[in-house]
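Colleague: Before I rely on the descriptive terms in your report, I should like to hear the grounds for each.

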There are 2 protein chains.
Amino acid sequence: MASVIALGGNALGRGTAAEQLTVLRGTCAAIAPLLAEGEVVVTHGNGPQVGNELLRQERAADEVPPLPLYLAVAQTQAEIGALIETELSAAAGRAVACLLTHVHVDADDPAFERPSKPIGPFYSADQAQELERGRGWQLVEDAGRGFRRVVPSPEPLEIVEIDAIRALLASGAVAVACGGGGIPVVSRNGHLKGIDAVIDKDRASALLARQLGAERLVILTEVPAVYRLFRKSNQEEIRELPAAEAEALLPELAEGSMRPKVEAAIELARAGGETLITSADALADALEGRAGTRIA
Amino acid sequence: MASVIALGGNALGRGTAAEQLTVLRGTCAAIAPLLAEGEVVVTHGNGPQVGNELLRQERAADEVPPLPLYLAVAQTQAEIGALIETELSAAAGRAVACLLTHVHVDADDPAFERPSKPIGPFYSADQAQELERGRGWQLVEDAGRGFRRVVPSPEPLEIVEIDAIRALLASGAVAVACGGGGIPVVSRNGHLKGIDAVIDKDRASALLARQLGAERLVILTEVPAVYRLFRKSNQEEIRELPAAEAEALLPELAEGSMRPKVEAAIELARAGGETLITSADALADALEGRAGTRIA
């Protein structure tokens with residue numbers, strides 16, 4: 001059975017590289033049973049890491065040219081991929097291969113008209129004005145904390161390296177791909193062109209699962225399941241969630257958190273795939289149907 | 001015919017991402033004939049890029065934890081790999097896949113006892129003392145410019161992801177691998193462990209060519225060939241250089257520049273492989289035996 005496993009921030013860790021390795025060791029132990037079963041691609045987010053990298057770029061901007069955002073996304077694929085590969089190859093007992101992954105987006109995606117995803121460090125009002133003029137960025141005020149760059153979050157359309165991922169899986173390797181949702185690119189005159197945007201990693205993972213014909217997408221997040229009435233006294237853990245019911249539930253799910261995960265699961269369900277949303281700690285139980293939320 | 005093509009700084013460009021893309025467009029046009037011939041792996045250096053990244057890490061060190069050097073090497077594999085992939089996929093007319101690459105080194109390599117490779121920004125004497133105490137770095141004074149970190153440059157022993165590279169080549173993709181000489185790792189209790197060192201990219205490329213059984217390693221550098229009496233009035237371009245003669249020539253070649261390239265070529269020649277050292281501009285002539293230096 002082919003699986004795509006999407007690791008969220010809690011499964012990756014934050015802080016120093018050593019701290020992240022410790023968290024990843026636990027995550028890789030939790031997903032070990034899935035690694036034994038068949039073809040596996042591990043995907044991952046990059047929120048804290050790309051935030052750190054963008055801050056580094058700014059702090060050194062007077063001395064070395066800052067990279068465009070799409071290259072900072074690329075950097076985090078390798079940085080996090082190297083950490084994952086270290087722990088995953090020990091846990092999997094087989095080869096792990098981390099592939100730089102680009103994802104096609106549509107240059108006419110409406111997301112480009114309303115950049116909505118805040119990214120990188122905070123700036124003063126003066127700095128924000130200068131960055132808007134100098135670099136053509138769009139910045140919005142975040143109450144009390146200053147101004148922050150916002151970038152588009154377009155829909156992922158196609159994984160550029162899908163055949164390479166298939167080849168790695170066929171060779172028996174566990175693949176690490178689509179880090180941070182992938183490097184967003186458009187095609188222009190036969191050239192790939194990197195785009196300053198970020199792709200939601202769960203949507204990219206669902207696309208990957210669809211393109212691979214994977215039977216399962218596992219989204220590891222900080223809570224063991226999707227809840228109705230989340231964080232209310234009468235919250236209710238959902239075990240099975242048919243796509244139609246999932247759609248009805250969307251408005252009550254947290255934007256930028258559980259909602260995009262369930263949206264990704266709905267997209268995959270429409271293509272015949274199944275998604276399991278759970279935490280690393282609850283994964284063993286979830287695989288036996290005693291925890292987590294299954295969307296199909 | 002399988003080829004490994006190693007891109008040096010001149011073939012990659014420096015400066016902004018846009019400037020690097022322009023240089024890479026020319027390089028990829030130059031290597032296009034090789035891309036049509038069979039299996040190709042493109043490797044590359046990362047000197048200016050990893051220098052920039054280490055400087056960024058330092059400038060933001062009070063706000064976000066600096067990454068260990070091996071992860072900065074990883075970052076540059078993706079940053080440069082994404083730029084190469086953009087131009088190479090257009091020039092090759094077939095899929096390009098960039099793989100995060102680790103390279104095994106020996107924890108007892110004598111290089112670890114005498115770090116020799118200067119890397120990253122310059123520091124004052126006070127900063128140097130603090131970094132030696134606080135981070136256990138070794139720093140040396142560079143006449144007039146301040147203190148600089150030095151790291152070991154151990155011998156590359158084995159490409160960790162060699163089977164994955166083979167799988168990518170078999171799938172028909174052009175592979176990009178071993179960026180910056182690869183991420184140096186040692187094995188410890190079944191775990192890969194990243195090591196703060198840098199591997200010479202030409203030696204890593206020769207190892208890769210050997211492990212792949214490639215028939216040819218092409219090292220693209222800033223000069224069209226290896227010279228006897230380089231930069232003297234009677235300098236003499238060398239067309240064919242048997243390994244034994246190459247060995248005798250080593251002492252007169254520039255350390256850290258042409259010498260490691262010829263050393264890598266000698267290693268490969270001993271394993272039955274052939275190396276062509278030339279510039280991107282002279283490559284077309286070199287492939288027809290009218291330029292460049294062939295070491296076999």
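The exchange below takes up the terms one by one.

Modeller: Please bear in mind throughout that this is a predicted model.

Colleague: Why are helix 3 and helix 4 of chain A called oblique to each other?

Modeller: The axes of helix 3 (residues 47-59) and helix 4 (residues 69-92) of chain A cross at roughly 125° and come within 9 Å. Angles over 145 degrees count as roughly antiparallel and those of 65 to 115 as roughly perpendicular. The crossing angle of roughly 125° belongs to neither range, and helix 3 and helix 4 of chain A are therefore oblique. The crossing is right-handed.

Colleague: What makes this a contact between helix 3 and helix 4 of chain A, and which residues meet?

Modeller: Contact requires heavy atoms within 4.5 Å. From helix 3 of chain A, Gln49(A), Val50(A), Glu53(A), Leu54(A) and Gln57(A) take part; among their counterparts in helix 4 of chain A are Leu69(A), Ala72(A), Val73(A) and Ile80(A). The contact residues comprise six nonpolar, four polar and two charged.

Colleague: How do you know which strands of the open sheet in chain A are its edges?

Modeller: The sheet has eight strands in the order 3-9-2-1-12-16-17-15, with mixed pairing. Strand 3 (96-98) and strand 15 (240-241) of chain A each pair on one side only, and these are the edge strands.

Colleague: On what basis do you say that strand 1 and strand 2 of chain A pair?

Modeller: The criterion is at least two bridges. Five bridges join strand 1 (residues 3-7) to strand 2 (residues 40-44) of chain A, and the two run parallel. The criterion is therefore met. Ser3(A), for instance, stands opposite Val40(A) in strand 2. Helix 2 (residues 17-35) of chain A packs on the sheet, and its direction makes about 165° with that of strand 1.

Colleague: What makes strand 10 and strand 11 of chain A a hairpin?

Modeller: Strand 10 (residues 183-188) and strand 11 (residues 191-194) of chain A pair in the antiparallel sense over four bridges. Two residues lie between them, and Asn189(A) in the turn has a positive phi of about 50°. Within this pairing, Ser187(A) has Leu192(A) as its bridge partner.

Colleague: How much area is buried between chain B and chain A?

Modeller: About 3,800 Å² is buried, of which carbon and sulfur atoms give 65%. The contact takes 47 residues from chain B and 47 residues from chain A. In chain B, Arg56(B), Leu100(B) and His191(B) lose the most area to chain A, together 15% of what that side buries.

Definitions and conventions
Residues are numbered from 1 along each chain as its sequence is written. Chains are lettered from A and ligands numbered from 1 in the order in which they are written. This is a predicted model: local features need pLDDT of at least 70, side-chain atom pairs count only at pLDDT 80 or more; totals for chains, interfaces and linings use all residues. Side-chain values use heavy atoms; hydrogens and water are left out. Axes are lines fitted to C-alpha atoms, for helices over the stretch in contact, and angles run from 0 to 180 degrees between N-to-C directions. Angles under 35 degrees count as roughly parallel, over 145 as roughly antiparallel, 65 to 115 as roughly perpendicular and the rest as oblique. A crossing is left-handed if the near helix is turned anticlockwise from the far one by less than a right angle, and right-handed if clockwise. Ala, Val, Leu, Ile, Met, Phe, Trp, Tyr, Cys and Pro count as nonpolar, Asp, Glu, Lys and Arg as charged, and the others, Gly among them, as polar. Buried area is the accessible area (1.4 Å probe) that two parts lose on being put together, summed over both.
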